[in-house]
Amino acid sequence: MSKLFEEITIKNMTLKNRIVMPPLAVRNEEKGGFVNETILNYYEKMSKLGMGLLITENAFPSKESRVMPNQMLLSDDKFIDGHKELVKRVHNNDVKIAIEINHAGANLFNIPELKNMLMNKDESDFVFEDEEDSRKPLKSINEEDLPKEKIREIVISFKEAGRRARDAGYDMIEIHAGHGFLINQFLSPMINKRKDEYGGIPLNRARILFEIIEEMKSNLRDILISVRLPVADNPPQYKFYDDGLSVDDGLLIGKEVSYKVDMIDITGGYSGSRPKEIWSYDGYFKDYSKRLKELVTIPVNLTGGIKTPDFANYLIENGYCDTVGIGRALLSDKKWIEKAKNLLER
Ligand SMILES: Cc1cc2nc3c(=O)[nH]c(=O)nc-3n(C[C@H](O)[C@H](O)[C@H](O)COP(=O)(O)O)c2cc1C
């Protein structure tokens with residue numbers, strides 16, 4: 001049997017194979033942040049493709065933390081029922097399901113990958129169905145705009161979102177620490193200029209992440225936690241950002257994170273999860289993940305530019321990662337998993 005189709009047990013969760021559908025926000029949102037029929041049908045259909053683990057697109061712990069209008073919320077108990085149904089539909093296809101929880105952070109309009117998407121929009125477009133629901137973006141993450149009491153509120157909002165995800169029956173919660181959003185902004189010295197205990201040395205910059213993990217864990221019982229961790233703000237071989245999170249700092253943080261959670265889902269490139277410059281470089285974060293694997297004992301998922309089943313299998317066989325995230329390849333070829341099985345298991 002190929003490594004790709006071997007089971008893996010992560011704590012109390014067994015995946016039937018090593019293929020992970022990474023978070024892919026395909027914009028099926030509905031006003032109000034509920035899980036609607038379109039979202040249910042979409043994930044039900046995707047889970048029929050047969051991955052071991054499906055991670056939902058980012059959902060948000062508060063209205064004002066959303067990246068785009070109408071994305072899924074976990075900010076109130078009224079959202080739990082919709083998520084219960086989503087979990088049920090995916091479980092019916094014998095696939096485990098995680099939900100990604102994210103906070104947009106500050107200066108959304110300065111996040112490079114989002115710039116294009118937001119090109120014809122301005123902040124006033126982020127007004128929802130009622131005044132109260134409009135997005136109140138953070139101006140910055142510095143002490144003035146984001147005082148410690150506000151950080152505490154955010155941490156608690158993640159904790160509460162985690163509890164709701166638990167009650168909905170998710171197998172795992174993934175905390176989004178990458179792609180230029182709030183937690184990534186704290187991790188990056190180019191953005192985080194705080195002088196208090198949330199800024200400065202790497203483990204201080206990761207403090208908000210550690211607090212979120214600790215608070216969530218106190219509520220989750222046996223539900224697993226994964227962190228979508230940017231190991232560096234620059235993808236390998238490129239320097240888009242001076243003074244971004246360095247690989248050494250990212251690995252140090254990764255090692256510390258690994259003592260606290262059940263899986264690390266590696267990513268990188270400040271909002272550059274899919275930089276066009278390295279699209280031809282297969283598995284572009286693979287060298288980061290190999291280095292991380294040498295430091296940690298928990299499973300590492302690697303996503304980014306993995307296109308073929310052979311290569312996916314090679315990465316696991318050769319110790320780059322334990323599972324592989326297949327994003328765009330799966331979106332563009334719904335038979336990817338079936339073909340992989342035919343190819344590797346014949
Ligand atoms: C349409 C689209 C939406 C995405 N939405 C999310 C998201 O909600 N959360 C996230 O962490 N990453 C998101 N990503 C990044 C993917 O999870 C993944 O890291 C990236 O596409 C690289 O993997 P790939 O080469 O297999 O596609 C998105 C990517 C795409 C193409």
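**Entry 1: barrel closure**

I looked up strand S3 (residues 19-21) and strand S10 (residues 323-325) in this predicted model. I find that S3 and S10 pair in the parallel sense, over 2 bridges. I note Val-324 of S10 as the bridge partner of Ile-19. Next I checked helix H2 (residues 80-91), which packs on the sheet and touches strand S4 (53-59) and strand S5 (96-101). The direction of H2 makes about 145° with that of S5.

I then listed the barrel itself. I count 8 strands closing in the order S3-S4-S5-S6-S7-S8-S9-S10, with parallel pairing. From one strand to the next I get an average twist of 25°.

**Entry 2: strand S7**

I asked how many residues of strand S7 (residues 224-230) are buried. The result is 7 of the 7, so S7 is largely enclosed by the rest of the structure. I split the strand by side to see what is covered. Leu-224, Ser-226, Arg-228 and Pro-230 lie on one side, Ile-225, Val-227 and Leu-229 on the other, and all are buried. As a reminder to myself, side chains in a regular strand alternate between the two faces of the sheet.

I followed the pairing of S7 to its partners. Strand S6 (residues 172-176) pairs with S7 in the parallel sense over 5 bridges, and Ile-173 has Ile-225 in S7 as its bridge partner. S7 also pairs in the parallel sense with strand S8 (residues 263-267), over 5 bridges. Leu-229 has its bridge partner in S8, namely Ile-266. I traced the chain from S7 through helix H8 (residues 247-258) to S8 and recorded a right-handed β-α-β crossover. H8 lies across S7 and S8 and runs at about 180° to S7.

**Entry 3: Thr-267**

I looked up Thr-267, which sits in strand S8. Its relative accessibility is 1%, so I file Thr-267 as buried. Leaving out residues up to four places away in sequence, I list its contacts as Gly-178, His-179, Arg-228, Leu-229, Pro-230, Val-231, Ser-273 and Phe-285. Among them, Arg-228, Leu-229 and Pro-230 are the S7 residues that I had already noted as buried.

**Entry 4: nonpolar core**

I asked which residues touch the most other members of the largest nonpolar core. In this core of 92 residues they are Leu-4, Ile-175, Val-257 and Trp-336. I took Trp-336 further and listed what it touches, not counting residues up to four places away in sequence. I found Leu-4, Ile-19, Lys-307, Thr-308, Pro-309, Ala-312, Ile-326, Ala-329 and Leu-330. Ile-19 in that list is the residue I had bridged to Val-324 in S10.

**Entry 5: aromatic pairs**

I counted 10 aromatic pairs. The ring centres of Tyr-238 and Phe-240 are 5.4 Å apart and their planes are at 20°, so I enter the pair as stacked. Tyr-238, at 30% relative accessibility, counts as partly exposed. Phe-240 also counts as partly exposed, at 36%.

I also checked Tyr-314 and Tyr-320, whose pair is tilted, with 6.0 Å centre to centre and 35° between the planes. Are these two buried or partly exposed? Tyr-314 is at 36% relative accessibility and counts as partly exposed, whereas Tyr-320 at 11% counts as buried.

Last, I traced ring pairs that link Tyr-238, Phe-240, Tyr-241 and Tyr-270 into a cluster.

Conventions
Residues are numbered from 1 along each chain as its sequence is written. This is a predicted model: local features need pLDDT of at least 70, side-chain atom pairs count only at pLDDT 80 or more; totals for chains, interfaces and linings use all residues. Side-chain values use heavy atoms; hydrogens and water are left out. A nonpolar core is a set of buried Ala, Val, Leu, Ile, Met, Phe, Trp, Tyr and Cys residues joined through side-chain atoms within 4.5 Å. Buried means under 20% relative accessible area, exposed over 50%, partly exposed in between (1.4 Å probe, protein chains only). Contact means heavy atoms within 4.5 Å. Helices (H or I, at least four residues) and strands (E, at least two) are DSSP runs, numbered from the N terminus. Two strands pair if DSSP finds at least two bridges between them. A crossover is right-handed if, with the strands pointing away from the viewer, the path from the first strand over the helix to the second runs clockwise. Axes are lines fitted to C-alpha atoms, for helices over the stretch in contact, and angles run from 0 to 180 degrees between N-to-C directions. Rings of Phe, Tyr and Trp (its six-membered ring) pair if their centres lie within 6.5 Å; planes under 30 degrees apart count as stacked, over 60 as edge-to-face and the rest as tilted.
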